[in-house]
Each structure stands twice: as structure tokens, then as C-alpha cells.
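Thank you all for coming; I would like to take a few minutes to walk through one structure, moving from its aromatic residues to its cores and then to some single contacts. Please have a look at it on the screen first.

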Amino acid sequence: MSTAGKFIQKCQANLGSTDLWRPLHSLQLLSEVSGDIFDTSTLPPRSVFIVSDGHMTEEAPTLSAIRDGSKCSRVFTFGVSSTANRHFLRAMARVGGGSGQFFDTQKKSRWERQVKEQLSKAFQ
């Protein structure tokens, strides 16, 4: 938790567009884990945390990938700064069966509580 909190506190908005779909797809973060080592059907869903400070591209394919992967992955979102795309972050969390939080850059003292809330939800 302290590592995640430190990371979040260091985040700063760079006001660039984020291509989220490509890393989600290429890293197979929303795909079902496969292999012969163990039975994945008994595992809880993987939790994917997305932190964004602004505009994201490829919204439709990203939502589709999250929807398709919702049986094996839950998506939790964090919006940092007033430029965060609140509508899209909420949509990703809703479609992905997780939840979203938005951070006020002027009130970083509340961030730790918000991160803990998201982590608690991820373990439910």
C-alpha cells in the first residue's frame, strides 16, 4: 500500500493523450489466463488499476476489450487532475465491474484513503 501511495503522490499531469487499448491488449491484461499449470476457473478475477490524467484515445475498442474481459478481470480507475476524462473513466470501471475514484490535486492528503478504498473493493 505504501508503495502505491508514494507512486500516486508523485503523479503529475502531462496533458498528453493516452493510448490505453494497446497496452491492455498487448500485455493481455484483460485476457483469461491460460495454461496447464492450474485450473484458472477457480481463481478470483484479476484487478487492473488504470490511472489517467486526461484524454484517452481508442475509447470504443478499449471499452469493448474491458467488456470482453470482464469474466477474468475487474477494472478500477483513478482520475488525477481536473483534465481527467471522468465520463470514460467511469464507463471503464462500470463495464469492468470495478469502481472509479477521482483525485483532487489540491487535496493530496485524501489520496491515501481513496487508494485504500479501491484496494479494499478489489479484494472483495
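**Aromatic residues and cores**

Let me begin with phenylalanine 78, which counts as buried because its relative accessibility is 4%, and let me say at once that we are looking at a predicted model. Phenylalanine 76 is also buried, with a relative accessible area of 0%, whereas phenylalanine 49, at 34%, is partly exposed. The rings of phenylalanine 49 and phenylalanine 78 have centres 6.2 Å apart and planes at 25°, so this pair is stacked. It links distant parts of the chain, since phenylalanine 49 belongs to strand E2 and phenylalanine 78 to strand E4, 29 residues apart.

In total the structure holds four aromatic pairs, and another of them is the stacked pair of phenylalanine 49 and phenylalanine 76, at 5.3 Å centre to centre with 25° between the planes. Here again one partner lies in strand E2 and the other in strand E4, so the pair ties together parts that are 27 residues apart in sequence. Phe49, Phe76 and Phe78 join Phe103 and Trp111 in one aromatic cluster.

Turning to the nonpolar cores, the largest has 15 residues, and among those with the most contacts inside it are Leu20, Ile50, Leu63 and Leu89. Strand E2, helix H3 and H4 each supply at least two residues of this core, and the largest share, five residues, comes from H4. There is also a second, separate core of five residues, which includes Phe78, Val80, Phe103 and Trp111.

Which residues of H3 are buried? They are Thr62, Leu63 and Ile66, and because they cover an arc of only 95° around the axis, they lie on the same side of H3. Ala60 and Asp68, on the other side of H3, are exposed. The buried residues of H3 pack against helix H2, strand E3, E4 and H4.

Let me finish with some single residues. Serine 81 sits in the loop between strand E4 and helix H4, and with 11% relative accessibility it counts as buried. Its side chain has a polar atom 3.2 Å from the backbone oxygen of aspartate 53, and a polar contact of 2.8 Å joins it to the side chain of threonine 83. Finally, arginine 86 lies over the face of phenylalanine 102, at 4.4 Å from the ring centre.

Terms used. Residues are numbered from 1 along each chain as its sequence is written. This is a predicted model: local features need pLDDT of at least 70, side-chain atom pairs count only at pLDDT 80 or more; totals for chains, interfaces and linings use all residues. Side-chain values use heavy atoms; hydrogens and water are left out. Helices (H or I, at least four residues) and strands (E, at least two) are DSSP runs, numbered from the N terminus. Buried means under 20% relative accessible area, exposed over 50%, partly exposed in between (1.4 Å probe, protein chains only). A polar contact is a pair of N or O atoms within 3.5 Å; within protein, one must be able to donate a hydrogen and the other to accept it, and residues adjacent in sequence count only if both atoms are side-chain atoms. A nonpolar core is a set of buried Ala, Val, Leu, Ile, Met, Phe, Trp, Tyr and Cys residues joined through side-chain atoms within 4.5 Å. The arc is that of the directions from the helix axis to the C-beta atoms. Contact means heavy atoms within 4.5 Å. Rings of Phe, Tyr and Trp (its six-membered ring) pair if their centres lie within 6.5 Å; planes under 30 degrees apart count as stacked, over 60 as edge-to-face and the rest as tilted. A charge sits over a ring if NZ of Lys or CZ of Arg is within 6 Å of the ring centre and within 35 degrees of the ring normal.
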